[in-house]
Protein chains: 2
Amino acid sequence: MTGIERQTGVALWRQIADEIRAAIGNGDHDDAGRLPTEAVLAARFDVNRHTVRQALAALAREGIVETVQGRGTAIVPRRRVTYPIGPRTRFSAGLGGQVTQAVTHLIGVSQEPASADLAALLHLQAGTPLLKLETLGEADGVPLSRAVHWFDARRFAGLPDAYRLEGSMTRALAACGVPDYVRLSTEISAAPATASDRTDLALQPGAVVLLTRSVNADSEGQPIQASHSRFAADRVSLSVANDRDKPVPGCDK
Amino acid sequence: MTGIERQTGVALWRQIADEIRAAIGNGDHDDAGRLPTEAVLAARFDVNRHTVRQALAALAREGIVETVQGRGTAIVPRRRVTYPIGPRTRFSAGLGGQVTQAVTHLIGVSQEPASADLAALLHLQAGTPLLKLETLGEADGVPLSRAVHWFDARRFAGLPDAYRLEGSMTRALAACGVPDYVRLSTEISAAPATASDRTDLALQPGAVVLLTRSVNADSEGQPIQASHSRFAADRVSLSVANDRDKPVPGCDK
DNA sequence: AGTCATTTGTTCGTATGTATG
DNA sequence: CCATACATACGAACAAATGAC
């Protein structure tokens, strides 16, 4: 059983590229640091060597591997940033130590009436005017996540200006009279990257995004912020620690 | 901008099928309960109507939509199960209420020496013999997740038999002298479904899996179990609640 | 230096799948 | 249903680069 299927609407070379990308991400080739030869891969996937070459060319365009004539195909070392999720989840602070510079950009501000779902999460009446902020999270210049945040527009009218001034949600909220906040809940799912994911997060077709829907509350437990975030799954993993004093080291290499 | 790209190795009809499937999953057509006409879709995606028809035929084969001549294309209702992650995460109990029957099957037992990663997670010496259990989680006959679990083979030699007898990890561990356990950490990522995901979880090509890597510990805090789980992302979302007495309702429809 | 096996790079031709009109 | 254009996949052969001897 090779795992590659024909006539599915997905070209063999792309299926093979996805399979090899997953194997690399899984650390299957870490011992050698390079892939098997084209001939071996062709035999393993039961396809022509041309087809393997097309897959490897795609992975090379993505920057995942590098192939040199006569030498073979080497895996370009890469690491995945781990983003901790817990009661005190914050974007920039969570990445501390893993990256040298984490920033968020405000890429959109608008206002809209609360849908039934959002109203329930924020303990507001449906139709209440909400402030909607769209942000892009970057680490060392590489986009990691984009997010939409909703706030009660009456209470947080000054938030966009504060955000632009401070460049951080935590500090912007502090300027709006919320010195501290806690993460109430996070719901996590995943989906293929959409066209706008691909442009905002600089993703390849076929890439995957991790989706989170979360609610933050102030120190009184009053929900103040609902967020939908979209993470580039090949660059970020999420970590949930239930042990508050003893963080367990990640299982990734 | 349509979001559909040519020459990516993925046929247009499959990209369109994936987009429509994602839109349905996102609830974009819930108000009408049916899709726009083929002509409208062809215009929206900027392709020939033949191509849209091919996409709709694929979705019909998947059982997601039903097309009737003269009437249009209706959406077959479906829902996503939410799987809670927290200190007391358990497969069957977590789905209680959402499904009528949740079971796990043991699909593989083997033994292997601990890799450096696994040894660190379980506080063991690298090379220590580990018991490796592979399981498939189902709800109402639909596969939701497959997982690999590692245990110290010396301490849990009787686990496979106990699992086969009890049909549950919680009860099997109880039979092996672990009356209670807690989830220490969970790391979450996502990736395109591999070929074996597709066969085990009955997924379509282009589907996405949610990946978790977790560690469970006994009541003394000693790590006893490391697990890698793979969830069908179109059927499962993960939920992290940081508020221990007040579970927040999911944001999904 | 040269030789050799190994591995990737290139060029033919041919058949089938995909997309349009 | 047809015809057309392009992408995908295969097979065989040969060229060019690498590393070890």
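These are my notebook entries on two DNA strands, one helix and the cysteines of a predicted model.

**Entry 1: DNA strand C**

I began by listing what lies around DNA strand C. I found 21 residues surrounding this strand, and the closest are R49(A), R53(A), L12(B), W13(B) and T51(B). Next I looked at which part of the DNA faces the protein: 70% of the atoms of DNA strand C that come within 4 Å of the protein belong to sugar and phosphate.

Then I went through some single contacts. R53(A) places a polar side-chain atom 2.7 Å from a phosphate oxygen of DNA strand C. E38(A) also reaches a phosphate oxygen of this strand, with a backbone N or O atom at 2.9 Å. What does R49(A) approach with a polar side-chain atom? I found a base oxygen of DNA strand C, 2.5 Å away.

I also noted which elements give two or more residues to this surface. In chain A they are helix 3 (49–62), strand 1 (65–68) and strand 2 (72–75), and in chain B they are helix 1 (12–25) and helix 3 (49–62). Helix 3 of chain A provides the largest share, three residues. Sorting the residues near DNA strand C by character, I got 12 polar, five nonpolar and four charged.

**Entry 2: DNA strand D**

On to the other strand on my list. DNA strand D is surrounded by 14 residues, with L12(A), H50(A), T51(A), Q69(A) and Q7(B) the closest. Sugar or phosphate makes up 67% of the atoms of DNA strand D within 4 Å of the protein, and bases make up the rest.

Two backbone contacts caught my eye here. A polar backbone atom of L12(A) sits 2.3 Å from a phosphate oxygen of DNA strand D, and one of W13(A) sits 3.3 Å from a phosphate oxygen of that strand. For a base contact I turned to Q69(A), where a polar side-chain atom is 2.8 Å from a base nitrogen of DNA strand D.

Which element gives the most to the surface near DNA strand D? I found helix 3 of chain A, with three residues. Helix 1 (12–25) of chain A also supplies at least two. By character, the residues near this strand are eight polar, four nonpolar and two charged.

**Entry 3: helix 6 of chain B**

Away from the DNA lists, I checked which residues of helix 6 (residues 159–166) of chain B are buried, and noted L159(B), P160(B), A162(B) and Y163(B). Why do they count as being on the same side of the helix? They cover an arc of only 160° around the axis, so they share one side of helix 6 of chain B. As a reminder to myself, residues three or four places apart point the same way because an α-helix has 3.6 residues a turn.

The face turned away from the buried side carries D161(B), R164(B) and L165(B), which are exposed. I then asked what covers the buried residues, and the list includes strand 4 (102–113), strand 5 (129–139), strand 6 (142–152) and helix 7 (169–175) of chain B. After helix 6 of chain B comes G167(B), with a positive phi near 75°.

**Entry 4: cysteines**

Last, I looked for disulfides and counted zero over all chains. I checked the exposure of two cysteines as well. C176(A) counts as partly exposed because its relative accessibility is 22%. C176(B) is partly exposed too, with a relative accessible area of 22%.

Terms used. Residues numbered from 1 in each chain as written. Chains lettered and ligands numbered in written order. Predicted model: local features only at pLDDT ≥ 70, side-chain atom pairs only at ≥ 80, totals over all residues. Heavy atoms only, no water. Near = heavy atom within 4 Å. Polar contact = N/O pair within 3.5 Å; in protein donor to acceptor, adjacent residues only side chain to side chain. Helix = DSSP H or I, 4+ residues; strand = E, 2+ residues; numbered from the N terminus. Nonpolar A, V, L, I, M, F, W, Y, C, P; charged D, E, K, R; others polar. Buried < 20%, exposed > 50% of the residue type's maximum accessible area, 1.4 Å probe, protein only. Arc of directions from axis to C-beta. Contact = heavy atoms within 4.5 Å. Disulfide = S-S within 2.5 Å.
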